[in-house]
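Student: I have a structure open and would like to learn how to read it. Could you take me through some of its features?

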Amino acid sequence: METILEIKDLTKKFGKLTAVNNLNFQVEKGNVYGLLGPNGSGKSTTLGMILTTINPTSGSWTWFGNQFSTSQVLKKIGATIERPNFYPYLSAQKNLEIVAAIKETSKNNIEEALKLVGLYERKDDKFSTYSLGMKQRLAIAAAMLNHPEVLILDEPTNGLDPQGIIQIREIINNIAKKGTTIILASHLLDEVEKVCSHVIILRNGKSLYSGPVDAISEEGDVFSIKASDVDLLKKTLLDFPDFKILQEFKDGIEIATRENIEGDTLNKMFAEKGIYLKYLVKKKANLEEQFLELIKK
Amino acid sequence: MKRLLYIEWQKLYNYRLARIFLIIYFLLLLGVSIGLYQEFSLFGKEIRLKDQGFYSFPLVYNFLTYANSFLKIFLAFIIISTVVSEFTNRTFKQNLIDGLTRKEWLISKLAMIFLLCLFSTFVVGILCAFFGWVNPSKPPVGMGVQMEFLIFYFLENFAFLVFAFFISVILRKAIFAFLFLFVWKFIEPVIMVILNFALKGGDKTNVKKIIEFLPLDVQSNMITNPVRRTEFAKSLNIGLEYQFPTISLILTIVYTLLFIYLTYRIIMKKDW
């Protein structure tokens, strides 16, 4: 495996607050990484440091095994930060021309990048006339302009409507399929589960877990279930000591099982007790569990 | 360098507000020089500046650079609004992420300021040469005499715009930057009044010297008021012979380098 990014003992203090605390992780080529954590866990600060907008307090990182200088590296990667940032008075085309000049890449890539995100027809419209979803897509187009080896996305679906979220996810999945390494920062577990192969869970600037998404869910599963009579459902659950209630909703609950179990088995177990589930979704285990515990603290 | 200028030009030229101000500035450069060439009346007196030697060599250099130096506020407006917008639109941050280094960003802005000043100096230089050639002085004076006013003019503009750039980077809000520039322009005379008052009856020549060392005053002291060089002013005992402004020139350069350095420090040290 080729290591693309290696972060060593990275620390950032803002006065008394330690935003990132001795962070270590590695990014391998071709994987899709989720940088997962609640707001204020240090995701954006970490990305800010490796993208040179924030000066680290201590620690270091190496890109591509240190073969290139920082400014060379930034021209080889693509990144968007929290909000899409462009010159509002310029068209998408002109904005990307500036990005192309900064990245020292050909203007001829602009058409391809705009088509990738479905904005080619609107290329001559001013950025200020775009909807938030379009702005976010333009940010991805700008990041993809130089055919980067690594794409860094910071909360790309933040503030978008469901349709916008789906569009962004489709674009990310298409990019991932081509073998581009992606680092996606998000506070949404659901998003990371849908898109990522690996996850780094952050809390208070520290890494709680770093590794494949699948590896942490070897033991046990998480199910979201609903029944017409929720009280009866909860009462019945007491009969199954291997199941643990994670969360309760208005008309359903989320449970964790100690051992791996398939949906049909679970359904049958409840049916035998006289309860028919009207909703049953199997989720990636432990990740959910860990993340919920992390948020509770 | 070509890349940096291209990037900067794309940002500036396509910014309608900046483009309009640039055109107004250019028209005013022509307008002031040509306008004052005409006969006009002031306090009921007919004034023909060209008959006083203001449009002949060598005084034309002093006069036109002095008259046009007041227009630099238009260039400062362009610098402040474009620089501040890089922070409010967070494009500065995005530029860094896209691979522009902090130093390159600074250089591209300074290069644009340099070119704007060069353009202005070039236009004023052409105007001086034209009017000096049309209005020969008696006895004839060579075109090269006191041409150094063009250098002073360039430096005055450059120093002022670097100062405007510096406060834009510090304040990062257009309205504050304009107010600060405006207020600072008045603070220097106010300091003078306060010092004068404090040293009532004392030796006031030192007060005047202190004032001459403040940044904006130093800049405008390079080009003295040309009216004081006329026979009329000399007859009123407020006349002045032309002297090469060595101290003002050196101080302007020192201040400019200082402000560039301070801007550099802020750009490099701050988290964006």
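Tutor: Happily! Let's start with an idea we need for the interior: a nonpolar core is a set of buried Ala, Val, Leu, Ile, Met, Phe, Trp, Tyr and Cys residues joined through C-beta atoms within 7 Å. Keep in mind that this is a predicted model.

Student: Which residues touch the most other members of the largest nonpolar core?

Tutor: In general, nonpolar side chains tend to be buried together in soluble globular proteins. Here the largest core has 76 residues, and those touching the most other members are Y33(A), L96(A), L138(A), A141(A), L145(A), I182(A) and L184(A). Helix α5 of chain A, residues 132-144, contributes the most to this core, with 8 residues. For a close look, pick L138(A): leaving aside residues up to four places away in sequence, it touches P84(A), F86(A), A92(A), V117(A), L119(A) and Y130(A). There is also a second, separate core of 47 residues, and V124(B), L155(B), I167(B) and F178(B) are among them.

Student: Now a strand. How many residues of strand β6 of chain A are buried?

Tutor: For a strand, ask how much of it is buried and which way its residues point. In β6(A), residues 150-154, 5 of the 5 residues are buried, so this strand is largely enclosed by the rest of the structure. V150(A), I152(A) and D154(A) point one way, while L151(A) and L153(A) point the other way.

Student: Which strands pair with β6(A)?

Tutor: To read pairing, look at direction and then at the bridges. Strand β5 of chain A, residues 77-80, runs parallel to β6(A) and is joined to it by 4 bridges; one partnership is I77(A) with V150(A). Strand β7 of chain A, residues 181-186, also pairs with β6(A) in the parallel sense, over 5 bridges, and D154(A) stands opposite A185(A) there.

Student: What is the strand order in the open sheet of 3 strands?

Tutor: Reading across an open sheet gives you its order and its edges. This one runs β2-β1-β4 in chain A, with antiparallel pairing. β2 (17-28) and β4 (58-63) of chain A are at the edges with a single partner strand each, so one side of each has no neighbour in the sheet. From one strand to the next, the twist averages 10°. Strand β1 of chain A, residues 3-14, pairs with β4(A) over 5 antiparallel bridges, and the partner of E6(A) in β4(A) is T62(A). Helix α1 of chain A, residues 43-50, packs on the sheet and touches β1, β2 and β4 of chain A, its direction making about 115° with that of β1(A).

Student: Is helix α9 of chain A well covered or hardly covered?

Tutor: With a helix, count its buried residues. Helix α9(A), residues 263-272, is hardly covered: among its 10 residues, the count of buried ones is 1. Just after α9(A), G274(A) has a positive phi of about 90°.

Student: How many residues does each chain give to the contact between chain A and chain B?

Tutor: For an interface, take the counts, then the elements, then the chemistry. Chain A gives 24 residues and chain B gives 22 residues. On the side of chain A, α2 (70-76) and α3 (92-103) are the elements that give two or more residues, and α3(A) has the largest share with 7 residues. That side divides into 14 nonpolar, 5 polar and 5 charged residues.

Student: And where do the domains of chain A begin and end?

Tutor: Domain 1 covers 3-213 and domain 2 covers 219-296. Their C-alpha centres lie 35 Å apart.

How values were computed
Residues are numbered from 1 along each chain as its sequence is written. Chains are lettered from A and ligands numbered from 1 in the order in which they are written. This is a predicted model: local features need pLDDT of at least 70, side-chain atom pairs count only at pLDDT 80 or more; totals for chains, interfaces and linings use all residues. Two strands pair if DSSP finds at least two bridges between them. Axes are lines fitted to C-alpha atoms, for helices over the stretch in contact, and angles run from 0 to 180 degrees between N-to-C directions. Two residues are in contact if their C-beta atoms, placed from the backbone, lie within 7 Å. Domain bounds come from an automatic or database domain assignment. A residue is buried if 20 or more other C-beta atoms lie within 10 Å of its own, exposed if 12 or fewer, and partly exposed in between; C-beta atoms are placed from the backbone. Ala, Val, Leu, Ile, Met, Phe, Trp, Tyr, Cys and Pro count as nonpolar, Asp, Glu, Lys and Arg as charged, and the others, Gly among them, as polar.
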